[in-house]
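Here are my notes on the model you sent over, written as I went through it. Have the structure open while you read.

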Amino acid sequence: MEYVLETHNLSKQYHSFKALDRLSMRVEKGAIYGFVGKNGAGKTTLIRIICGLQRPTDGGYTLYGRGHATADIGKSRRRMGAIVETPSIYHDMTAEENLRAQYRILGRPSFDGIDKLLELVGLRGTGKKKAKHFSLGMRQRLGIAVALAGDPDFLVLDEPVNGLDPQGIVEMRELILKLNREHMITVLISSHILDELSRLATHYGFIDSGRIVREISAEELERSCRKCMNLTVTDIHALVRTLDAMGIEYAVTADKKADVFGEWNITELTRALDQENCTIQNMEARDESLESYYINLLGGERNA
């Protein structure tokens, strides 16, 4: 197995706060690796470190087999493209001018390929329109074009769909899939928007409090996700009290909805809820969602 990125007990300390705590992960070549965690879990810190923007306090990492402290680590970093937090673009320039500027920074001998790059990210027809007048989705795609200017085969994206409207999310998803499947680019995506990530990722790394809780492939995750019943009720608090009293495992998914796991008797549950003046409005069989899996995973780790 060939890995683009491997981290080994990677730690990052800011005074008394430990952003990364002996984090170990592996990103397989050709994968779309979903880096999953809530805000503040350590996702951006890890990305900043592997991009060379910060140094680890302890531990280490390798990019394409080169250790982070080796003299030639720059050769591996030149195979990376990244968007860290926000796209690195000039707002008073057009899309083409932004790419020309990036080509100069990289020392590329000509501007050949810019038109194809703009077409790839869906910005070829923007002409003289400046980036400050772009939609958020267009700016995100321009940021990806800038990240691709050096022809990387490893792309790192920090919350790429954050704040996008539904159309922008679809466009970003299609672009990432195209880069991975047609251009053979390995992608690391940090995100806390799990529903969208589940449409993309081939592998997952779940992070909490600076540590990897679990790494799993999409196929393994699908096998691990359990069957459940999704209940819609008139009073979610009454449902929670009842399920707790009956010892039934569950995960609240919305104001009046919960996934209920395991084997249980619907008649007994209905009678118990009736004592709480709560009614089941809808019941639907479903597989456990990525969100529910993540919530239960973290709950299990914290209670272990």
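The points below go through the sheets, the helices on them, the pocket, the cavity and a salt bridge.

1. First, a caveat: this is a predicted model. Please read every number below with that in mind.

2. Let's begin with the smaller strand count. One open sheet has 4 strands in the order β2-β1-β4-β5, and the pairing is antiparallel. At its edges are β2 (17-28) and β5 (66-67), each of which pairs on one side only. Inside the sheet, β1 (residues 3-14) and β4 (residues 58-63) run antiparallel and are paired over 5 bridges. If you want a spot to click on, Leu5 stands opposite Leu63 in β4.

3. There is also an open sheet of 6 strands, ordered β6-β7-β8-β3-β9-β10, and here the pairing is mixed. Its edge strands are β6 and β10 (211-217); each has a single partner strand, so one side of each has no neighbour in the sheet. From one strand to the next, the twist averages 15 degrees.

4. For a parallel pair in that sheet, look at β7 (residues 154-158) and β8, which are joined by 5 bridges. Leu157 is the residue to find here, as it stands opposite Ile189 in β8.

5. Which strands of the 6-stranded sheet does α1 touch? They are β3 (32-36), β6, β7, β8 and β9 (203-208), and the helix direction makes about 145 degrees with that of β7. Now turn to the 4-stranded sheet: α1 (residues 43-50) also lies across β1, β2 and β4, at about 115 degrees to β1. So do keep α1 in view when you look at either sheet.

6. Another helix to check is α5, which lies across β6 and β7 and runs at about 155 degrees to β6. You'll meet α5 (136-147) again in the next point, since this helix supplies at least two residues of the lining of the largest pocket.

7. On to the open space. The largest pocket has a volume of about 640 Å³. Its lining takes in 25 residues, and those closest to the centre are Met80, Gly81, Ala82, Gln102 and Leu106. Besides α5, both β6 (80-83) and α3 (95-106) give at least two lining residues each. The largest share is that of α3, with 5 residues. What is the lining like by class? It has 15 nonpolar, 7 polar and 3 charged residues.

8. How many cavities of 30 Å³ or more are there? The count is 1. The largest cavity holds about 30 Å³ of space, and its lining is made up of Pro160, Val161, Ile189, Ser191, Ile193, Glu196, Leu197 and Leu200. By class that is 6 nonpolar, 1 polar and 1 charged. Both β8 (186-191) and α7 (194-197) supply at least two of the lining residues. Ile189 turns up here again, having been placed opposite Leu157 above.

9. Last, the charges. Side chains of opposite charge can pair when their charged atoms come close. The model has 17 salt bridges by count. One of them joins the side chains of Arg48 and Glu85, at 3.4 Å from N to O. Why pick this pair out? Arg48 is in helix α1 and Glu85 is in the loop between β6 and α3, so the salt bridge ties together parts that are 37 residues apart in sequence.

Conventions: Residues are numbered from 1 along each chain as its sequence is written. This is a predicted model: local features need pLDDT of at least 70, side-chain atom pairs count only at pLDDT 80 or more; totals for chains, interfaces and linings use all residues. Side-chain values use heavy atoms; hydrogens and water are left out. Two strands pair if DSSP finds at least two bridges between them. Contact means heavy atoms within 4.5 Å. Axes are lines fitted to C-alpha atoms, for helices over the stretch in contact, and angles run from 0 to 180 degrees between N-to-C directions. On a 1 Å grid over the protein atoms alone, a cavity is a set of points where a 1.4 Å probe fits but cannot get out, and a pocket is an open set with protein on both sides within 12 Å along at least five of seven lines; lining residues have an atom within 4 Å of a point. Grid points are joined across faces, edges and corners, and a volume is the space filled by probe spheres set on the points. Ala, Val, Leu, Ile, Met, Phe, Trp, Tyr, Cys and Pro count as nonpolar, Asp, Glu, Lys and Arg as charged, and the others, Gly among them, as polar. A salt bridge is a side-chain nitrogen of Lys or Arg within 4 Å of a carboxyl oxygen of Asp or Glu.
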